[in-house]
Amino acid sequence: MPKLAQLKHPDTMHFKAAVGWIQLGDYDSANDELENIRAEWRAHPDVLELRWLIYSHHEQWDACLDITSAIVKMAPDRVSGWVHKAYSLRRSNAGDLERAKAVLLEAAKLFPDDDTVQYNLACYCAQLGQLDAAKEYLGKSCELGDAAQIKLRALDDEDLKPLWESD
């Protein structure tokens, strides 16, 4: 895959400003900054990832799915594109948990050492009632990542509630 071109001035200025607005919780101003990026650069995966953050904040899941589908197509080596695509698919009008899980299973083949993919597979399996698989994926996530942090996160994660209720 060819290396992606990097954003250049003045687009980097608008990109960084959008990041700043998101950090401040002002997603509308962040979106305004992204609109100032030249049209030929608005489809860059970095810009699309910020756009996904904005649209997900507003729960515009169908648009999020379109965005992440483009990211996965242009930059299939970005794990975040796959994770966000599954998350969007789960919540979009056309999606469901099974289809979202299928995206993550594909991502798990591409990124076998990524704890986030494994964690999200645990969540989706738990929601589907596949508790043995959920335990396996959660265990794998702990092996791959910071086990203490993952366990703390998991205890508060509503998606994993079926695991805690089954014990």
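## A linked trio: E35, R42 and R51

A good place to start is the salt bridge in which the side chains of E35 and R42 meet, with N and O 3.8 Å apart. Please keep in mind as you look around that this is a predicted model. Both partners have some contact with the outside: E35 is partly exposed at 38% relative accessibility, and R42 is partly exposed as well, with a relative accessible area of 29%.

This pair does not stand alone, for E35, R42 and R51 are linked in a network of salt bridges. R51 sits in helix 3. Is R51 buried or exposed? With a relative accessible area of 8%, R51 is buried. Leaving aside residues up to four places away in sequence, R51 touches N31, L34, E35, R42 and I67. Its two network partners, E35 and R42, are thus among the residues it contacts.

## Salt bridges across the chain

Let us widen the view. How many salt bridges does a search of the whole structure find? The search finds seven. One of them joins R38 to D11, where the closest N and O atoms are 2.5 Å apart. This bridge links distant parts of the chain: R38 belongs to the loop between helix 2 (27-35) and helix 3 (45-57), D11 belongs to helix 1 (residues 11-23), and 27 residues separate the two. Their surroundings are worth a look too. D11 counts as buried, at 0% relative accessibility, whereas R38 is partly exposed, with a relative accessible area of 33%.

D46 and R78 form another salt bridge, with their closest N and O atoms 2.6 Å apart. Here again distant parts of the chain are linked: D46 is in helix 3, while R78 is in the loop between helix 4 (61-74) and helix 5 (79-91), 32 residues apart. In this pair the arginine is the buried partner, as R78 has 18% relative accessibility. D46 is partly exposed, with a relative accessible area of 23%. The two fall into separate classes because the limit for buried is under 20% relative accessible area.

## H14 and its neighbours

Helix 1 also holds H14. This histidine counts as buried, at 13% relative accessibility. Which residue does the side chain of H14 join through a polar contact of 2.9 Å? The partner is the side chain of E33.

If you set aside residues up to four places away in sequence, H14 touches E33, N36 and I37. E33 therefore appears twice in this picture, as a contact and as the polar partner, since contact means heavy atoms within 4.5 Å and a polar contact is a pair of N or O atoms within 3.5 Å.

## The largest pocket

Finally, a stop at the largest pocket, which holds about 170 Å³ of space. It is lined by 13 residues, and the closest to its centre are V83, Y87, Y119, N120 and R153. Which elements give two or more residues to this lining? They are helix 5 and helix 7 (115-127).

The chemistry of the lining is mixed. Its residues divide into five nonpolar, three polar and five charged. If you would like to find the pocket on screen, V83, Y87, Y119, N120 and R153 are the residues to display, as these are the ones closest to its centre.

How values were computed. Residues numbered from 1 in each chain as written. Predicted model: local features only at pLDDT ≥ 70, side-chain atom pairs only at ≥ 80, totals over all residues. Heavy atoms only, no water. Salt bridge = Lys/Arg side-chain N within 4 Å of Asp/Glu carboxyl O. Helix = DSSP H or I, 4+ residues; strand = E, 2+ residues; numbered from the N terminus. Buried < 20%, exposed > 50% of the residue type's maximum accessible area, 1.4 Å probe, protein only. 1 Å grid on protein atoms, 1.4 Å probe; cavity = no way out; pocket = protein on both sides within 12 Å on 5 of 7 lines; lining within 4 Å. Points joined across faces, edges and corners; volume = space filled by probe spheres on them. Nonpolar A, V, L, I, M, F, W, Y, C, P; charged D, E, K, R; others polar. Polar contact = N/O pair within 3.5 Å; in protein donor to acceptor, adjacent residues only side chain to side chain.
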